[in-house]
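I opened my notebook to look up cysteines and aromatic rings in one structure.

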Amino acid sequence: MARKRIDWPPGKVVTLEHRSRVLKKNPLGDPHVRPLDVWLPPGYDRAARRGERFPVLFDLVGYTGSGKSHTNWRNFSENVPERAARLLHEDKMGPCILVFPDCFTSLGGNQYINSSAMGRYADYLTRELIPFVDREFSTLASRDHRGCFGKSSGGYGAMVHGMKYAKYWGAVANHSGDAYFDFLYRCDWPNVLNELAKHRPTKRREGPIDVLNEEKQAADGQDDGRVAAFLEAVWGKEKLTRAEVHTLMMVAMAASYDPHPKAPLGFRLPVNLETGEMLPVRWRAWLRRDPINMVERCTPNLKTLKGIYIDCGWKDQYHIHYGTRILSKRLTRAGIRHVYEEFPDTHSGIDYRMDRSLPFLYQALKPV
């Protein structure tokens with residue numbers, strides 16, 4: 001099946017190199033020199049020479065992705081620059097600049113927040129990439145004309161940036177972003193613990209065991225060595241199993257939501273590695289980062305935004321639609337204007353929903 005022929009100006013993607021001070025010497029040893037793809041709309045060069053300036057949208061990709069995930073060639077579909085060019089051609093949105101940050105980490109990604117266990121990725125976006133893009137391109141360099149959007153971990157990042165960093169963003173769009181952690185993450189721990197158990201420091205033996213003694217080895221969410229061994233194993237592999245990717249994701253969430261510099265690996269887990277029991281203090285650290293629980297304390301910031309768009313498929317296999325419903329309910333109760341939509345699909349292959357969010361963001365951020 002051939003791709004549909006494009007009969008409109010595509011704009012252009014340029015790739016810059018950015019040297020980050022914020023990410024230099026990050027705890028995971030990930031690169032601090034990163035590529036940055038930027039899509040410029042058709043006619044940008046000519047308009048920029050005339051002094052015209054454009055709104056800017058930052059695309060925060062989901063877990064295991066990087067900025068180039070959305071600018072690379074796509075089979076049977078459009079990448080994000082192609083989608084924006086089509087929407088522009090169809091007069092569904094006006095010209096803007098799209099920015100595609102690379103925030104990938106050795107743990108498979110991050111939640112676009114600052115973490116002493118992973119790196120200062122919120123600061124990387126707001127304190128470094130925003131001014132860098134404003135220097136390099138003809139932007140409307142104001143939060144009133146700057147927004148961010150994303151799906152899954154990227155949707156979480158966009159929502160949290162609207163909550164905590166509203167002085168940088170004027171509008172946000174959240175596609176199926178992580179929310180309601182009690183549904184989203186809690187049910188995954190049995191499978192994760194089974195995968196980590198393969199790397200237990202001592203092998204299990206048949207017969208009597210002293211559970212009280214064994215559970216002490218992982219007290220207060222400390223790694224007893226199996227998480228470190230798991231990471232060493234997956235970092236040495238070229239192809240990960242589905243279970244390994246999922247376990248790596250949960251490790252990344254722990255590093256995001258409950259970092260602690262003095263803990264092994266720099267973060268703590270919300271469960272006991274032996275018994276699987278949830279650790280109330282540690283789990284509360286996660287719940288404090290749950291968007292449904294952040295609305296109340298972030299209401300003043302949220303009310304300054306010019307637009308909030310949220311959507312989710314009601315067949316989402318990770319049950320995120322329940323979280324987005326609660327999020328919408330709490331936004332409504334707090335008097336925060338937003339758009340919430342649902343659609344008959346899962347968590348996967350839903351980039352077509354950008355046909356709704358990109359025009360929404362442009363309308364909120366366009367110059368008067």
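My entries on cysteines come before those on rings.

Before starting, I noted that this is a predicted model, in which local features need pLDDT of at least 70 and side-chain atom pairs count only at pLDDT 80 or more, while totals for chains, interfaces and linings use all residues. I also noted that residues are numbered from 1 along each chain as its sequence is written, and that side-chain values use heavy atoms, with hydrogens and water left out.

Entry on cysteines. I looked for disulfides (a pair of cysteine sulfur atoms within 2.5 Å) and found zero in the structure. For Cys187, the closest cysteine sulfur belongs to Cys312 and is 14 Å away, which is too far for a bond. Cys298 is in no disulfide either, with the sulfur of Cys148, the nearest one, 14 Å away.

I then looked up accessibility, where buried means under 20% relative accessible area, exposed over 50%, and partly exposed in between, for a 1.4 Å probe and protein chains only. Cys298 is buried at 8%, whereas Cys187 is partly exposed at 47%.

Entry on rings. I counted 17 aromatic pairs, taking rings of Phe, Tyr and Trp (its six-membered ring) as paired if their centres lie within 6.5 Å, and calling planes under 30 degrees apart stacked, over 60 edge-to-face and the rest tilted. Tyr44 and Phe137 pair edge-to-face, with 6.5 Å between centres and 65° between planes; Tyr44 is buried at 8%, and Phe137 is buried at 10%. Phe343 and Tyr352 also pair edge-to-face, at 6.2 Å and 75°; here Phe343 is buried at 3%, but Tyr352 is partly exposed at 37%.
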